[in-house]
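Notebook open. I want to look up the enclosed spaces first, then one strand and its neighbours.

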Amino acid sequence: MLPDPNSLYGPLDPAPDAGYEDAPPRMGFFTDTSVCIGCKACEVACKEWNGVPESGLDLLGMSYDNTGALTANSWRHVAFIEQPRPAGHRTPPFAGTPTDGSVSAASAAVAAGTSERTGTDPGVPTGTPSAAARMAGGGPVDVLGTIEADPTAAGRGGAGPQFLGMPGAQPPGRGSGVEGRTDFRWLMMSDVCKHCTHAACLDVCPTGSLFRTEFGTVVVQEDICNGCGYCISACPYGVIDQRKDDGRAWKCTLCYDRLGAGMTPACAQACPTESIQYGPLDELRERAAARVETLHERGVPEARLYGHDPNDGVGGDGAFFLLLDEPEVYGLPPDPIVTTRDLPKMWKRAGLAALAMTAATVAAFVGGSS
């Protein structure tokens, strides 16, 4: 059988290209980051099912992210990206909420946990002398809590609550309006091996430790791996990694043992919001396209798919994502390209160079003998 012309680059069904006859549909992941809540159930389920060692509970200073990246001991990584921005940016999250005050003073007191009138708005500490003085007299207060003369107090009416920079009892945006609020948003994404159509890690493995399954996924056989590390430098996503104590390469297997038994991968099984969806890749791509259209209709124009296109630099990913910002924000390469794409050109040029050297050597000998 002749090799597929796209064996190294371009659209391809990888299982038949690997030699499987009557292969089942290609299976994969679709991760919808718009419904990820960052619970890390996928991380825990992956470690429990696959026996992945703990990777430490490090305080990285990256929000609630304590794993940092995909490693040999973290086959799933939930990223937390905090983005300071006005809450009214692009889509007003508080549009349509009530703008009036509480139903009654009694209900406000109950919500604030007080049983009687305290003289301050809920949310302002009642035991702070400066706060009480500002509420009562309207004048500034020194460090000891003594009211100082304030020449502007008469112009302000001398009384009434003043903004102290403290949290209020009203829902966000009710007092100042959504457009004036400054807030941040969390972008959460459960990252995983992409199981590329053209997997450079598999192409460069000298021992056959990495192999293509009948489901189109890429799996490492750790008992064959010799720890050479070629796959690590070849991966365009920086996914595969060496375990420090034994030197071998490890990564997500898409729960190959569960797939063979007709089961859902552990991470997708554990996801409470169905952010991680598992199934035939063609169906997932259709589902993902419909989801993007729905988000656009709901006022989220920044929603886009990543890794779904069979014509991209890796022939499309077996695990692709719906993102709410540019790929770089999530630590993903914007235009990944399989590192073995140029092998035919490289071998052609090497062959031409060898022929040229041979011709030059023959010419030198012929010229010298004559």
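I call a set of points a cavity if a 1.4 Å probe fits there but cannot get out, on a 1 Å grid over the protein atoms alone; lining residues have an atom within 4 Å of a point. Grid points are joined across faces, edges and corners, and a volume is the space filled by probe spheres set on the points.

This is a predicted model: local features need pLDDT of at least 70, side-chain atom pairs count only at pLDDT 80 or more, and totals for chains, interfaces and linings use all residues. Residues are numbered from 1 along each chain as its sequence is written, and side-chain values use heavy atoms, without hydrogens and water.

Cavities. I searched the whole structure and got five of 30 Å³ or more. The largest holds about 100 Å³. It has 14 lining residues, with Cys-193, Cys-196, Ala-199, Cys-201 and Cys-235 nearest the centre. The second largest holds about 90 Å³. Its lining is 14 residues too, and Cys-36, Cys-39, Lys-40, Cys-42 and Cys-271 are the closest to its centre.

Strand β1. I looked up residues 27–32 (a DSSP run of E, at least two residues, numbered from the N terminus). Six of its six residues are buried (under 20% relative accessible area, 1.4 Å probe, protein chains only). Met-27, Phe-29 and Thr-31 point one way, Gly-28, Phe-30 and Asp-32 the other.

Partners. I count strands as paired if DSSP finds at least two bridges between them. β1 runs antiparallel to β8 (residues 276–280) over five bridges, with Met-27 opposite Pro-280. Four bridges join β1 to the parallel β10 (residues 319–323), where Thr-31 has Phe-321 as bridge partner.

Key:
On a 1 Å grid over the protein atoms alone, a cavity is a set of points where a 1.4 Å probe fits but cannot get out, and a pocket is an open set with protein on both sides within 12 Å along at least five of seven lines; lining residues have an atom within 4 Å of a point. Buried means under 20% relative accessible area, exposed over 50%, partly exposed in between (1.4 Å probe, protein chains only).
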